[in-house]
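What follows is a walk through one protein model, meant for someone who has not looked at it before. Please keep the sequence and the structure in view while reading.

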Amino acid sequence: MAYEYTKIADLAAYRKPAPHLYGKIVFLAKYGEQDLLLLRDETGSIFVFVTPIESGEPLRFEMNQIVRIHRAMVKRLPLKNVDAQVGKMGCSIVVWPPNGCQGKPSSVSSKTWTRSEGDQDRINELSALKWGSGTKMTTADEMADYMIEKKDTKKIRDTVDKIWAETHARFQMQLAKKTRGLFWTPQGAEVKAPQLEYEIVKSFFHPTQMTFKSFFQLVIVCPKCSEKKKVIKYTENGKAKWCPTCKESIQLVVGMRVPVDVLPNYTIVLTIPVKTIQTDALESCENDVIECFDRTADRETFGRVKKFQRSLQTFLNGCTLKNIEGIVVTKSVPLKTCIIYVNDCLISFE
Ligand SMILES: [Zn+2]
């Protein structure tokens with residue numbers, strides 16, 4: 001079987017299927033149980049955290065070895081990096097010696113491994129790789145350049161530890177500050193969270209864990225209450241025509257309930273109008289959703305709605321949400337929950 005390998009600069013976070021990649025070790029350090037590798041190819045550099053297999057021979061890494069990873073989990077936060085949990089989800093690693101010889105690999109994570117002609121070519125290419133300029137500059141690239149220039153391993157290691165810890169701490173602090181800030185925002189207040197990216201909670205992607213009614217939400221958009229007084233109300237009545245508060249005639253907007261990952265014990269749920277996702281691949285059926293709420297839907301309609309739900313969940317898998325603008329619908333400080341109706345946001349794959 002021929003594998004396709006993604007160049008480091010082209011690795012995108014959370015894409016499925018998980019990509020395969022090649023790189024040369026330009027730095028390595030122990031991170032608790034994990035090995036932290038900095039891999040580089042012609043296009044860029046990336047950090048790789050290798051989690052060892054629970055049973056079996058540990059992988060041994062050395063500078064300038066060529067590493068091949070199959071089914072790498074590419075993450076993005078706080079930096080774009082690869083999380084290689086060897087043995088999980090088919091992730092496997094083969095390490096070749098620095099000179100790219102035809103002999104046996106230096107280390108393998110599973111008993112069976114393959115080497116095609118293409119593999120040998122790639123190993124030779126990377127062995128001969130001289131770092132040049134013109135690569136896409138990311139934090140990982142900058143660090144790679146720094147480390148290649150300086151040869152003081154101890155100092156390099158300390159620097160990497162420091163930069164890594166600082167980056168991580170900065171990210172956590174920013175998230176904590178913004179998240180806690182949200183809980184001091186009064187109900188009805190406008191939320192603007194640029195610069196902050198949220199990951200969607202994993203359980204969201206299991207269709208069985210989200211029933212039709214826990215996924216879709218009907219939002220009452222009243223010209224008086226929603227637009228002027230910034231009061232957002234949800235309803236389960238698909239026939240609602242008038243605002244329960246002021247009796248103005250209203251519009252029903254179909255939203256989806258998207259929980260996002262924040263600090264431990266805090267819950268933020270975003271209601272994102274399905275209209276926000278505009279793609280030809282998704283056949284929208286908002287009226288069917290409304291029909292399901294007003295209980296007049298037949299089996300066929302309900303089937304379409306469930307399919308629509310699954311498509312939306314699949315579409316969002318691997319996305320992060322950025323530049324959120326919305327209104328605080330309700331919040332509870334003791335329960336640490338906050339529900340936000342999103343007027344606008346950027347759905348990003350990267
Ligand atoms: Zn109203």
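How many bridges join E14 to strand E16, and do these strands run parallel or antiparallel? Strand E14 covers residues 267-273 and strand E16 covers residues 337-348; five bridges join them, and they run parallel. Within this pairing, Ile-268 stands opposite Cys-338 in E16. The model that shows this is a predicted one, and its local features are described where pLDDT is at least 70.

It may help to step back before going further into this region. The protein has 350 residues, of which 28% count as buried, and its secondary structure consists of six helices and 16 strands. Among contacts between residues at least 6 apart in sequence, 60% join residues that are at least 24 apart.

Strand E14 has a second partner, E13, to which it is joined by six bridges, this time with the strands running antiparallel. Here Val-258 has Leu-270 in E14 as its bridge partner. E13 and E14 form a hairpin with five residues between the strands, and in this hairpin Asn-265 takes a positive phi near 75°.

Strand E13, which spans residues 251-261, also leads to the largest nonpolar core, a group of 42 residues in which Val-260 and Ile-340 touch the most other members. Once the neighbours within four places in sequence are set aside, Val-260 is in contact with Tyr-198, Glu-199, Ile-200, Val-201, Ile-268, Leu-270 and Leu-321. Two residues on that list have already appeared in the strand pairings, since Ile-268 stands opposite Cys-338 and Leu-270 is the bridge partner of Val-258. As a general background, nonpolar side chains in soluble globular proteins tend to be buried together.

The helices H5 and H6 can be read side by side. In H5, which runs over residues 286-293, the residues Val-289, Ile-290, Cys-292 and Phe-293 are buried. Viewed down the axis of H5, these buried residues fall within an arc of 155°, and so they line one face of the helix. They pack against helix H4 (212-215), strand E11 (216-221), strand E13 and helix H6 (299-316). Just after H5 comes Arg-295, which takes a positive phi of about 65°.

Helix H6 has 18 residues, which at 1.5 Å a residue should span 26 Å, and the distance of 26 Å between its end C-alpha atoms agrees with this. Its buried residues are Val-305, Phe-308, Gln-309 and Leu-312. Because these residues fall within an arc of 100° when seen down the axis of H6, they line one face of the helix. A general rule is useful here: an α-helix has 3.6 residues a turn, so residues three or four places apart point the same way. The face of H6 turned away from its buried side carries the exposed residues Arg-299, Glu-300 and Gly-303, whereas the cover over the buried residues includes H4, E11, E13 and H5.

After H6 comes Gly-318, with a positive phi near 95°, and the loop between H6 and strand E15 (320-332) also holds Cys-319. Cys-319 counts as partly exposed because 19 other C-beta atoms lie within 10 Å, while a residue needs 20 or more to be buried. Although Cys-319 and Glu-199 are 120 residues apart in sequence, their C-alpha atoms are 7.2 Å apart in space.

The remaining stop is another part of the model. Apart from the largest nonpolar core, where Val-260 and Ile-340 touch the most other members, lies another core of 30 residues, among them Leu-21, Phe-61, Ile-69 and Val-95. One of these residues, Ile-69, is the sequence neighbour of Arg-68, which lies in strand E4 (residues 66-70). Arg-68 counts as buried because it has 24 C-beta neighbours inside 10 Å. Not counting residues up to four places away in sequence, Arg-68 touches Tyr-22, Ile-93 and Val-94, and its C-alpha atom is 9.2 Å from that of Tyr-5, a residue 63 places away in sequence.

Strand E6 (residues 81-85) has pairings of both kinds. With strand E3 (residues 45-51) it is joined by five bridges and runs parallel, Val-50 standing opposite Ala-84 in E6. With strand E5 (residues 73-75), E6 is joined by three bridges and runs antiparallel, and there Val-74 stands opposite Val-82 in E6.

Terms used:
Residues are numbered from 1 along each chain as its sequence is written. This is a predicted model: local features need pLDDT of at least 70, side-chain atom pairs count only at pLDDT 80 or more; totals for chains, interfaces and linings use all residues. A nonpolar core is a set of buried Ala, Val, Leu, Ile, Met, Phe, Trp, Tyr and Cys residues joined through C-beta atoms within 7 Å. A residue is buried if 20 or more other C-beta atoms lie within 10 Å of its own, exposed if 12 or fewer, and partly exposed in between; C-beta atoms are placed from the backbone. Two residues are in contact if their C-beta atoms, placed from the backbone, lie within 7 Å. Two strands pair if DSSP finds at least two bridges between them. Helices (H or I, at least four residues) and strands (E, at least two) are DSSP runs, numbered from the N terminus. The arc is that of the directions from the helix axis to the C-beta atoms. The expected span of a helix is 1.5 Å times one less than its number of residues.
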